[in-house]
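Here is a friendly tour of the inside of a protein model, written for someone who knows the bench well. Have the viewer open and follow along.

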Amino acid sequence: MATATSTRPPIKAISRHTSPLALWHLLSLDAPTVAVLWTWFIASANHVHLPLYSALAMAITVWMLYAADRLMDARLMDARLMDARLLDASPTHHEDLEARHYFHHRHRTSFLFGILAASVALAVLLPSLEAEAIHLYLILGGMVAGYFILIHATRSAHRLPKEIAVGLCFAAATFIPTVARRPELRLPLLPSALFFAALCSFNCLFIYAWEHEGHSTHRLTHAITRHAIANLPLLTIFLTLASAALAIFDRHAARSIPSAIALSAALLLLLHTRRHAIARTTLRAAADLALITPLLLLPFLYQ
């Protein structure tokens, strides 16, 4: 870490962000909440009972990954600012860091201790998980590990379609507990899984677009990401309609899953139209809040 104050990323004032929604986001609790909710929702919609320890393991794992990712993002930018070639650069080199990164940077000791404690708790829970679920998670974990290495340990990290990869891995993680217990559901749930992966990717893409609107670094992103962002509203409308159609016409899978996907996609699009009227950190948190639509479908879950 840099020792000179002038070479560190300027720690943005975050004392104002004390609302429950902002803290939910700044403490990296948003992604675990969404992951656990959708994991339980997918299982319940298919009449699969998930024990409490399975949901707890999911929450711990996702929190660790997201907290570590944000810590490494802040540290990577801190290291880049130590490079003599960037010392005279303009402040736009800070634009990739948001309030969540500065919050983790400021409280990095507490987050590192939390990650260590979470690792111990996860090690205790792992033997209780089903063997097939562990097998699938090991495959997914290898992909996630590769993503972390490419994103945080290579010079070309900014050229990778990070948002697409996150969406695919996040969606896969939420479906694994159900298909591990009911392998015959893998094919019927595939369309919903793909739509949910698209929803998670769109969530990341909207956030990226909002945080980089008007910034020159947008040109450095992967070509897939650039094209997706350029057509994001249209793609979101298509996802909303396709998910609604799946909920209406698919007779082989739980209709509540694509229904929730359609609702979340519509909410993301609504946030996009109102993005200039919402505070930056609140908007970022609201993007994840838009994914908790399964709560709205609880009365219809077993119909």
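Let's begin with a single helix: α2 covers residues 30-45, and its 16 residues reach 22 Å from the first C-alpha to the last, close to the 22 Å expected at 1.5 Å a residue. Please keep in mind that this is a predicted model. From α2 we move on to the nonpolar cores, then to a pocket and a cavity.

**Helix α2 and its surroundings**
- Is α2 enclosed by the rest of the structure, or open? Of its 16 residues, 13 are buried, so the helix is largely enclosed by the rest of the structure.
- After α2 comes histidine 47, which has a positive phi, near 60°.

**The nonpolar cores**
- As background, nonpolar side chains in soluble globular proteins tend to be buried together.
- The largest nonpolar core here has 54 residues, and those touching the most other members are Trp38, Phe170, Phe196, Leu199 and Ile257.
- Which helix gives the most to this core? That is α8, with 13 residues.
- Phenylalanine 170 is a good residue to click on: beyond its neighbours within four places in sequence, its contacts are Ala31, Val34, Ala35, Val62, Tyr66, Phe196 and Cys200.
- There is also a second, separate core of 16 residues, with Ala57, Ile60, Ala68 and Leu129 among them.

**The second largest pocket**
- This pocket holds about 380 Å³ of space.
- Its lining is made of 16 residues, and Ala171, Ala172, Phe175, Leu190 and Ala193 lie nearest the centre.
- Three helices, α6 (131-153), α7 (162-181) and α8 (186-211), each supply at least two residues of the lining.
- What is the lining like by class? It has 15 nonpolar residues, 1 charged residue and no polar ones.

**The largest cavity**
- The structure holds 1 cavity of 30 Å³ or more, and the volume of the largest cavity is about 40 Å³.
- The residues around the largest cavity are His25, Glu98, Ala99, Arg100, Glu211, Arg280, Thr281 and Arg284.
- Both α4 (99-106) and α12 (280-289) supply at least two residues of this lining, with the largest share, 3 residues, coming from α12.
- By class, the lining of the largest cavity has 5 charged, 2 polar and 1 nonpolar residues, while that of the second largest pocket has 15 nonpolar and 1 charged.

Notes. Residues numbered from 1 in each chain as written. Predicted model: local features only at pLDDT ≥ 70, side-chain atom pairs only at ≥ 80, totals over all residues. Heavy atoms only, no water. 1 Å grid on protein atoms, 1.4 Å probe; cavity = no way out; pocket = protein on both sides within 12 Å on 5 of 7 lines; lining within 4 Å. Points joined across faces, edges and corners; volume = space filled by probe spheres on them. Helix = DSSP H or I, 4+ residues; strand = E, 2+ residues; numbered from the N terminus. Nonpolar A, V, L, I, M, F, W, Y, C, P; charged D, E, K, R; others polar. Expected span 1.5 Å × (residues − 1). Buried < 20%, exposed > 50% of the residue type's maximum accessible area, 1.4 Å probe, protein only. Core = buried A, V, L, I, M, F, W, Y, C linked by side-chain atoms within 4.5 Å. Contact = heavy atoms within 4.5 Å.
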